[in-house]
Amino acid sequence: MPANHGHRMGFSFFISMAALLWVFVGCSIYYHYHVATNYAERGQDAGHGSDMGFLWISVYIALILTLVLFRQARIWGRMINRLQEKENSKLKRQLSVNMSHELKTPVASIQGYIETILQNPEMDEAQRTQFLSRCHIQTQRLTSLLRDINTLNRMDEAPEQLEITNLDLNPLISGIMSDVQLALSQRRMDIKVEIPEEIPIMGNEGLLYSIFRNLLDNSIAYAGDGTTIRLACTGTRNGLWHFQYSDNGVGISDEHLPNIFNRFYRVDKGRSRRIGGTGLGLAIVKNAVLFHGGQISAHQSPVGGLCFDFSLRASQ
């Protein structure tokens, strides 16, 4: 959250309360003016001087209260910022610990394999090739991890620098389906896509790609062989495109559902690391959905597996 978020909240509060206050003063002025006018038309004395005195006192009190509200709003804004900074600092420390742990594992593996090769110059070629192949797998894991961390950092620290364009999601989704077709075939998985011919979106192409690709990669990795995946667009409501993504795979227990969008959270840590998962895929999905003005939630699918409901802001 930006550092000036508290100031914006405080300013919004000030504007709201000041507006209510001056609406009250305006209504009071109108009422007394209306009463004085009616009396004047009848040729009666309505105590105009006392009414004017009351109005000037009301305006004076309103000005004082406006200044008090402004000062209080600034104080509340600073308090909110301090609390947010403390929370952000805590989250950053936790993320640093998690990143250190995640980076340490592949680095330690690469170091171990290389040291073994160097210390055994007479090692047979087949074993040396096997160790180098494992090193290559770990470097791929490191590359994926650093790429995902960079994606999240860009959304957190500099969202205004991400390029926004007007694009159609249909060809983007079709391209992703082509990219994962081999992996789907190897796992004997089917996919059903039910989307309109055109889905105009104002957004960042790379982040939109990440949403659908990470959801698919998650199913391919964990749903199980022979699974059927369904991606449907249920139309637009309130300026948002609504989507549902589900599979009928093995799913997860309810206790994990509140945490699956957390960074570095893994349901099965050992299995995730064996297949090269970074623990950041669904965190990227959630942050990318929020970046595009939508919301996302996950629940158990009635036919087994997981179901994700999410929305994305439509082009105006």
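1. **A hairpin to start.** Strands β4 (228–237) and β5 (240–247) pair in the antiparallel sense, over eight bridges. Two strands count as paired if DSSP finds at least two bridges between them. Two residues lie between β4 and β5, which form a hairpin. N238 sits in that turn and has a positive phi of about 55°. One bridge to look up joins L231 to its partner Y245 in β5.

2. **What kind of model this is.** The model is predicted: local features need pLDDT of at least 70, side-chain atom pairs count only at pLDDT 80 or more, and totals for chains, interfaces and linings use all residues. Residues are numbered from 1 along each chain as its sequence is written, and side-chain values use heavy atoms, with hydrogens and water left out.

3. **The elements in order.** The chain has seven helices and seven strands. Helices (H or I, at least four residues) and strands (E, at least two) are DSSP runs, numbered from the N terminus. Along the sequence the pattern reads α-α-α-β-α-β-β-α-β-β-α-α-β-β.

4. **The sheet.** In which order do the strands of the open five-stranded sheet stand? The order is β2-β4-β5-β7-β6, with mixed pairing. β2 (190–194) and β6 are the edge strands; each has a single partner strand, so one side of each is left without a neighbour in the sheet. Neighbouring strands are turned by 15° against each other on average, direction ignored.

5. **The parallel pair.** β2 and β4 pair in the parallel sense, over five bridges. One residue pair to find here is E194 and its bridge partner in β4, A232. Compare this with the hairpin, where β4 and β5 pair in the antiparallel sense.

6. **Helices on the sheet.** Helix α5 lies across β2, β4, β5 and β7. Its angle to β7 is about 175°. Helix α7 lies across β6 and β7, at about 30° to β7. Axes are lines fitted to C-alpha atoms, for helices over the stretch in contact, and angles run from 0 to 180 degrees between N-to-C directions.

7. **α5 against α7.** These two helices pack at an angle of about 145°, with their axes 9 Å apart. On the α5 side, the contact (heavy atoms within 4.5 Å) is made by L207, S210, I211, N214, L215 and N218. On the α7 side, it is made by G281, L282, I284, V285, A288, V289 and F291. An α-helix has 3.6 residues a turn, so residues three or four places apart point the same way.

8. **How enclosed is α7?** Eight of the eleven residues of α7 are buried, so α7 is largely enclosed by the rest of the structure. Buried means under 20% relative accessible area, exposed over 50%, partly exposed in between (1.4 Å probe, protein chains only). The buried residues are G281, L282, A283, I284, V285, A288, V289 and F291. They pack against α3, α5, β6 and β7. Just after α7, G293 takes a positive phi of about 75°.

9. **The core.** The largest nonpolar core has 50 residues. Such a core is a set of buried Ala, Val, Leu, Ile, Met, Phe, Trp, Tyr and Cys residues joined through side-chain atoms within 4.5 Å. L169, I211, F212, F243, F308, F310 and L312 have the most contacts inside it. The elements that each supply at least two of its residues include α3 (125–157), α4 (169–186), α5 (205–222) and α7 (281–291). Take L169: leaving aside neighbours within four places in sequence, L169 is in contact with I199, I201, L208, F212, F243 and L312. In soluble globular proteins, nonpolar side chains tend to be buried together.

10. **Two buried residues worth a look.** S219 is in helix α5 and is buried, at 3% relative accessible area. Beyond four places in sequence, S219 is in contact with M189, G224, I229, Y245 and D247. T151 is in helix α3 and is buried too, at 10%. T151 touches L207 and I284, not counting residues up to four places away in sequence. T151 and A288 are 137 residues apart in sequence, yet 9.4 Å apart in space, C-alpha to C-alpha.

11. **The chain as a whole.** Of the 316 residues, 36% are buried. Among contacts between residues at least 6 apart in sequence, 73% join residues at least 24 apart.
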